[in-house]
There are 4 protein chains.
Amino acid sequence: MGNETETRERLLEVAKDEFLELGYEKASMRKICKKAGVTTGALYFFFKDKNDLFAALVRKVADEIKMIIVHHTEKEQAIYVDAKTTSQELIADGIQQGRDFVTYMYANKDVFILLLCKANGSAYENFYDELVDLMEKNTLQFLDHITLADVPENEINPYTMHWLAHLETSSFAQLLTHGLTLEEALIQAEVIAKYLTGGWLEILKK
Amino acid sequence: MGNETETRERLLEVAKDEFLELGYEKASMRKICKKAGVTTGALYFFFKDKNDLFAALVRKVADEIKMIIVHHTEKEQAIYVDAKTTSQELIADGIQQGRDFVTYMYANKDVFILLLCKANGSAYENFYDELVDLMEKNTLQFLDHITLADVPENEINPYTMHWLAHLETSSFAQLLTHGLTLEEALIQAEVIAKYLTGGWLEILKK
Amino acid sequence: MGNETETRERLLEVAKDEFLELGYEKASMRKICKKAGVTTGALYFFFKDKNDLFAALVRKVADEIKMIIVHHTEKEQAIYVDAKTTSQELIADGIQQGRDFVTYMYANKDVFILLLCKANGSAYENFYDELVDLMEKNTLQFLDHITLADVPENEINPYTMHWLAHLETSSFAQLLTHGLTLEEALIQAEVIAKYLTGGWLEILKK
Amino acid sequence: MGNETETRERLLEVAKDEFLELGYEKASMRKICKKAGVTTGALYFFFKDKNDLFAALVRKVADEIKMIIVHHTEKEQAIYVDAKTTSQELIADGIQQGRDFVTYMYANKDVFILLLCKANGSAYENFYDELVDLMEKNTLQFLDHITLADVPENEINPYTMHWLAHLETSSFAQLLTHGLTLEEALIQAEVIAKYLTGGWLEILKK
DNA sequence: GATGAATGAGGGTTCATTCAT
DNA sequence: AATGAATGAACCCTCATTCAT
């Protein structure tokens, strides 16, 4: 009949709504059960506990996006290893990366909102920070290629690096939380890439 | 004796610690009372409810910082009204504004942390957004002076404005949450100003 | 195939471990199933309920040991019926009886631990007391032969009898629960027999 | 009015009944509240948690009885330090000690039952064993005085010592659990003392 | 023989708040 | 100005068991 997994599916759907509306902590297991028309025991048959329920909604995408960023970093590493690039090329590349990221995000819109804004209290509450760390490594590499030895050292300190990774990450996250459509977001991705690259050039000026 | 207000003071101090450590929602009124060596009745004599307790810690600074930003915007409005400025002057001005903001923030460090990071669930949970809105108006005006009619309209859309205000606000907020000292933060304020202005210039390019 | 009973066997084995570790009440049917790699339905096919599962582990030995004690009592009855015995003979006999009991106990170590220490909450929670009652009848008979009419009546009251049966039973039970090896336990069985007989002689003194 | 502490008192009384009837683990906080005509919040105002509620019933007596035993051991130590005693005197002393112990137990009958039989799962679940350990030290000392160098070493091994302490402790505990009146129990205390001493003499024989 | 989804009551505990005194 | 007892709903979670398939 297909009825077998229906309950699990329904629970996940209801849970997603509840988490999106209230956030992890304020979401109520009881309310989720009630809305799904199911007893608590049924919920706990499918999911070990509240955290597991949240993870079931989020795990796959959380893992994937991390891998995507890591792979992206590695690929760039390979390409640029023996070639010098112009800032125009870097901007173009940044734009493309941004568009890819946005596209993936929008294909998993709800999950990203859960991960970035509603995970407080769950095992994924540090997901945003982990993302920032990966972004930072990415940026670090970008820096290796753009700089030509003349970077004022006192300005590109570790904190600045971290801050910029934050900037980038939150820029993407906001597209989602402010309700832009995919088309609008893709356009903004270009603005972001341009802007952030422009900022770099300003900092790196002698 | 002065004893009367002593209890209130002690409650506020303990509450600040509790909110800083746990955030508004997870903070416990009972624990606050216990740590202050006071009964719940006493707490509720001084403060109407949990929200009022939080507000008592935060209200004054929250109001002040908003007024400071508004005044700043108005003052700039008056100065630039009939003069054209170079981008160098704008950067210099941005730096000064940033330093002022940082200085005020650090003079009220704990309260700012409460407002920006620990207010979730309280009546101040939108404080960050309100700040962004004020910043946005500020930026909007900056734009009026820097542009000379040749801004590509499709890029400086309302969302971009909002996003940039976010960028700026969060840049300042992070100084605090990442534990920089005042001295470090002041230096970073310059980096931020430079970076953000650089981004602008890139966007405004034909 | 032989496969049919395999599941049952595995369940029993796992259940024994679980009951031994946690006791009847805290043992979890779900955990037993999980450890056995079997669903709850399977468990309930073989065993009516939790109590039945416990009984399946324990029933045979519980019945046997009772019969052994009863038979022992009857046999002694027959032997001593018209003969007088010295206290030395009685001690020797007590020692032999103790060694027999210990040997049987150790041949069914786990089950005895379940019965004597882990049965609380199950249908066998009174097993220990039932054993004591049988021991008491046994002792009662010992008394018939050792006494020569001159027992101070106020001391050998029914309660004393019951108490002594407890003493003996728990003495044997402890060998098991304190982790003695069979060899050590057999040696202790002699100590127990000597001690308990010595106690008797002291009580029976005028 | 005296009304203020009435609720706490009532809760303790009801809790005692519940624990006595069901034991620590199966006792239900909710049922205790209901029987006391009080909400759960009220119970948790007075008692931190289930364990604390149990401890409130039991703590004082548990501490006292341990101290009593320790003091007794120390006192004996002082008396016998340079005098040899006859076994008659030792028996007499054992009887007196037993009567004291029984008298104290019966003055706190319910609490002792809680401690010795109903504490499983609580912080006091090892109370019985702790008592045995204290008893063992006591017995150890008794041994020092009664022996005159001619004890067969292989028989008075550490395990035997522990076992005898168990024997003694459980003998006293049973008086309570079998519902003897104080008068009956005091008489039995003498039987116990005689019996246990008699057992010793038998073991110590060459 | 065995699956696995589902029940539903119950577990201990925490919470912000109220109010008579 | 402050006490402290009390509320009552809500929290997440576990349990032995059942039953259609």
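This short talk covers two interfaces, the one between chains A and B and the one between chains C and D.

First, the ground rules. This is a predicted model, where local features need pLDDT of at least 70, side-chain atom pairs count only at pLDDT 80 or more, and totals for chains, interfaces and linings use all residues. Residues are numbered from 1 along each chain as its sequence is written, chains are lettered from A and ligands numbered from 1 in the order in which they are written, and side-chain values use heavy atoms, with hydrogens and water left out.

Start with chains A and B. How many residues of chain A are in contact with chain B? The count is 30, and they meet 30 residues of chain B. Contact here means heavy atoms within 4.5 Å.

Next, area. The size of an interface is often given as the accessible area lost when the parts come together. Buried area is exactly that loss, taken with a 1.4 Å probe and summed over both parts. For chains A and B it is about 2900 Å², and carbon and sulfur atoms give 60% of it. Look at Tyr159(A), Trp163(A) and Tyr195(A). They supply 27% of the area that chain A buries against chain B, more than any other three residues.

Now charges. The rule finds two salt bridges across the interface of chain A and chain B. A salt bridge needs a side-chain nitrogen of Lys or Arg within 4 Å of a carboxyl oxygen of Asp or Glu. One links Glu25(A) and Lys26(B), at 3.4 Å from N to O.

Which elements of chain A give two or more residues to this side? They are helix 1 (6-26), helix 8 (158-177) and helix 9 (182-204). Helix 9 of chain A gives the most, twelve residues. Helices are DSSP runs of H or I, at least four residues long, numbered from the N terminus.

On to chains C and D. Here, 30 residues of chain C touch 30 residues of chain D. The buried area is about 2900 Å², with 60% from carbon and sulfur atoms. Tyr159(C), Trp163(C) and Tyr195(C) supply 27% of what chain C buries against chain D, more than any other three residues.

Two salt bridges turn up across the interface of chain C and chain D. In one of them, Lys26(C) pairs with Glu25(D), and the closest N and O atoms are 3.3 Å apart. On chain C, helix 1 (3-26), helix 8 (158-177) and helix 9 (182-204) each supply at least two residues of the side touching chain D. Helix 9 of chain C has the largest share, twelve residues.

Definitions and conventions: Buried area is the accessible area (1.4 Å probe) that two parts lose on being put together, summed over both.
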